[in-house]
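Subject: Structure handover

Hi there,

Here is the structure I promised to pass on. Please open it next to this email, and I'll walk you through what turned up.

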Amino acid sequence: MLRGFLILAVSLTLAACAAPPTQTMGPDGKPLPKLYRISNAQTAQIQYRMLDSVNSLRAAAGRSPVQLNAQLNAAAATHARDMSVQNRPWHFGSDGSSPIDRVRRVGYPGRLTGETISETYETELETLAAWMEQEDTRRVILAPDASDMGFAWYQENNGKIWWTMVLGAMSSPAPMIAQVQ
């Protein structure tokens with residue numbers, strides 16, 4: 001019993017003496033961010049984390065929740081990849097397509113309420129926070145008539161991520177919104 005206690009005490013003492021993990025510092029003296037890498041196995045986890053976060057924000061604003069929609073996910077994925085090919089964040093595809101065109105192409109039976117896009121190295125939740133700080137993209141995320149959401153991304157080898165969120169509605173018509181961060 002005493003032997004086990006001594007081994008535990010020595011182990012804890014040695015652990016306390018270990019050097020803290022080193023972090024690379026930038027020229028400004030602040031720690032450099034770690035590259036956020038996404039694997040294919042994380043797709044559902046990231047999409048549902050974003051859905052939960054969006055619905056929390058919508059609930060706080062008195063809006064009804066949205067649900068993930070496979071067709072809107074496909075439209076978002078297509079556009080995220082295409083923005084990378086074009087190397088610019090904007091709402092038009094390399095073929096001249098608009099968000100409305102992409103939603104129609106995937107067979108979504110409702111209508112587009114908005115699209116938000118981003119070119120960043122940040123996580124999905126950091127990106128959502130940035131979108132919520134901008135009036136135009138916040139308006140898309142909190143669209144009162146939105147009922148469906150698509151969310152996808154394309155990550156380049158260098159770590160850059162092209163995020164796309166598409167919101168749609170199955171209900172009554174309203175003006176379509178397309179915004180960029």
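One cut-off before anything else: a residue is called buried when its relative accessible area is under 20%. Q47 has a relative accessibility of 11%, so Q47 counts as buried. Please also keep in mind that this is a predicted model.

Let me stay with Q47 for a moment, as it is a handy way in. Q47 belongs to helix α2. What does Q47 touch, once neighbours within four places in sequence are left aside? Its contacts are L68, N73, M149, F151 and W153. Several of those names will come back below.

**The overall layout**

The protein chain has six helices and four strands. Reading from the N terminus, the order is α-α-β-α-α-β-α-α-β-β. Of the 181 residues in the chain, 41% are buried. The exposed area of the protein chain is about 10,300 Å², with carbon and sulfur atoms supplying 58% of it. If you look at contacts with a separation of 6 or more, 71% of them join residues that are 24 or more positions apart.

**The sheet**

As a reminder, strands of a sheet pair through backbone hydrogen bonds, in either a parallel or an antiparallel way. Here the four strands make an open sheet in the order β1-β3-β4-β2, and the pairing is mixed. Its edge strands are β1 and β2, each of which pairs on one side only.

You can trace the sheet across, strand by strand:

- β1 (residues 67-68) runs parallel to β3, and two bridges join them. L68 stands opposite M149 of β3, and both of these residues are among the contacts of Q47.
- β3 and β4 run antiparallel, joined by eight bridges. In this pairing D148 faces G168 of β4. The two strands form a hairpin with five residues between them, and G159 in the turn has a positive phi of about 100°.
- β4 and β2 are antiparallel too, paired over nine bridges. Here E119 stands opposite W162 of β4.

How covered are these strands? In β3, seven of the eight residues are buried. In β2 (residues 111-120), nine of the ten residues are buried.

**The nonpolar cores**

In soluble globular proteins, nonpolar side chains tend to be buried together. In this model the largest nonpolar core has 23 residues, and M149, F151, W163 and M165 have the most contacts inside it. Five elements each supply at least two residues of this core: α2 (43-60), α5 (124-133), α6 (135-141), β3 (148-155) and β4 (161-169). There is also a second, separate core of seven residues, and A76, Y108, L112 and A152 are included in it.

M165 is a good residue to click on if you want to see the surroundings. Not counting residues up to four places away in sequence, M165 touches M50, V54, G114, E115, T116, W131, I141, M149, G150 and F151.

**The aromatic rings**

A pair of aromatic rings is described by the distance of the centres and the angle of the planes. How many aromatic pairs does the model hold? The count comes to three. In one of them, F151 and W153 have ring centres 5.8 Å apart and planes at 50°, so this pair is tilted. Both F151 and W153 are buried. F151 also pairs with W163, and this pair is stacked, with 5.4 Å from centre to centre and 10° between the planes. That pair links distant parts of the chain, F151 being in strand β3 and W163 in strand β4, twelve residues apart.

Are F151 and W163 buried or exposed? F151 has 0% relative accessibility and therefore counts as buried. W163 is likewise at 0% relative accessibility, so W163 counts as buried. Together, F151, W153 and W163 form one aromatic cluster.

One more ring is worth a look: the charged end of R81 sits over the ring of Y154, 4.6 Å from its centre.

If you would like a short route through the model, start at Q47 in helix α2, move on to its contact F151, and finish at W163, the stacked partner of F151.

Happy browsing, and all the best

Technical notes:
Residues are numbered from 1 along each chain as its sequence is written. This is a predicted model: local features need pLDDT of at least 70, side-chain atom pairs count only at pLDDT 80 or more; totals for chains, interfaces and linings use all residues. Side-chain values use heavy atoms; hydrogens and water are left out. Buried means under 20% relative accessible area, exposed over 50%, partly exposed in between (1.4 Å probe, protein chains only). Contact means heavy atoms within 4.5 Å. Accessible areas come from the Shrake-Rupley method with a 1.4 Å probe; for residues, only the protein chains shown count as cover. A nonpolar core is a set of buried Ala, Val, Leu, Ile, Met, Phe, Trp, Tyr and Cys residues joined through side-chain atoms within 4.5 Å. Two strands pair if DSSP finds at least two bridges between them. Rings of Phe, Tyr and Trp (its six-membered ring) pair if their centres lie within 6.5 Å; planes under 30 degrees apart count as stacked, over 60 as edge-to-face and the rest as tilted. A charge sits over a ring if NZ of Lys or CZ of Arg is within 6 Å of the ring centre and within 35 degrees of the ring normal.
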